[in-house]
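I opened this notebook to record what I looked up in one structure. The entries follow the order in which I consulted it.

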Amino acid sequence: MAEENKVTLYGMWVSPYVKRVEFALRLKGIPYEYVEEDLRNKSPLLLKLNPVRQEVPVLVHNGKAIVESLVILEYIDETWKTGPQLLPEDPYKRSQVRFWAIYLQQVFESMVSVLKTSGEAQEKAIKEVTEKLKLLEEGLKGFFPNGFPNSFDKENVGLLEVVIFSHFGSYEAQEEALGVKFITPEKTPLIYSSVTALTEIPAVKAEPSSHEKMVVFLKFVRGNALKSSAE
């Protein structure tokens, strides 16, 4: 790969914000180098590339750094015309995709609260996640009025699907670590069916299963959070 076209992604394996960028790069067929960062001991290079937020993901293309996952996804879509178009041409439809992509992040942040709390605080967080998922399901009906297709061609995958999968692709590991089921065919049919269909796309299948690794990580985070709150 010519140096001026080199693409490097700095990330952390567990981050859904990094996963969405990886998913987009694979869907577009863009060769890239991946560099794993230790966020407990951030490298000088990461701090140089992203001095404001000092976090991953960071995409470096043509020697220039792009930060913030949704910004990176739009950059990828505008720079590489191969593969699926992630954002629709219509300005209104684009605005709706952006809105729900941001809302999905808020759902994820609430799920992190469930992971890090117990007792009444966790019950409150679970209720909040349940309510947000219900709103998300209603919002997704505007994109999939006839339900999510059972199979999905990668050329039809858009930014919203990328974000859904990055956050909920490992929902079974989240359930195992938390003992709480959020994603089910009955309660969240569109989210459930979208993850099921997207898992069959080769660009996603190429990623080795990390279910057990994810469960161990989530239990570790939960244990640390509860230990800290008890001190």
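**Entry 1: Contacts and core**

I looked up L159 and found that it touches L70, L73, L86, L87, V97 and A101, leaving out residues up to four places away in sequence; contact means heavy atoms within 4.5 Å. I note that this is a predicted model, in which local features need pLDDT of at least 70 and side-chain atom pairs count only at pLDDT 80 or more, while totals for chains, interfaces and linings use all residues. Residues are numbered from 1 along each chain as its sequence is written, and side-chain values use heavy atoms, with hydrogens and water left out.

I then turned to the largest nonpolar core (buried Ala, Val, Leu, Ile, Met, Phe, Trp, Tyr and Cys residues joined through side-chain atoms within 4.5 Å). This core has 70 residues, and I76, L133, L136, L159 and F168 have the most contacts inside it. Helix 4 (residues 91–116) contributes the most, with nine residues; helices are DSSP runs of H or I, at least four residues, numbered from the N terminus.

**Entry 2: Helix 8**

Which residues of helix 8 are buried? I listed L190, I191, S194, V195, A197 and L198 within residues 189–199; buried means under 20% relative accessible area with a 1.4 Å probe, protein chains only. Seen down the helix axis, these buried residues fall within an arc of 165 degrees, so they line one face of helix 8. The arc is that of the directions from the axis to the C-beta atoms.

Terms used
Buried means under 20% relative accessible area, exposed over 50%, partly exposed in between (1.4 Å probe, protein chains only). Helices (H or I, at least four residues) and strands (E, at least two) are DSSP runs, numbered from the N terminus.
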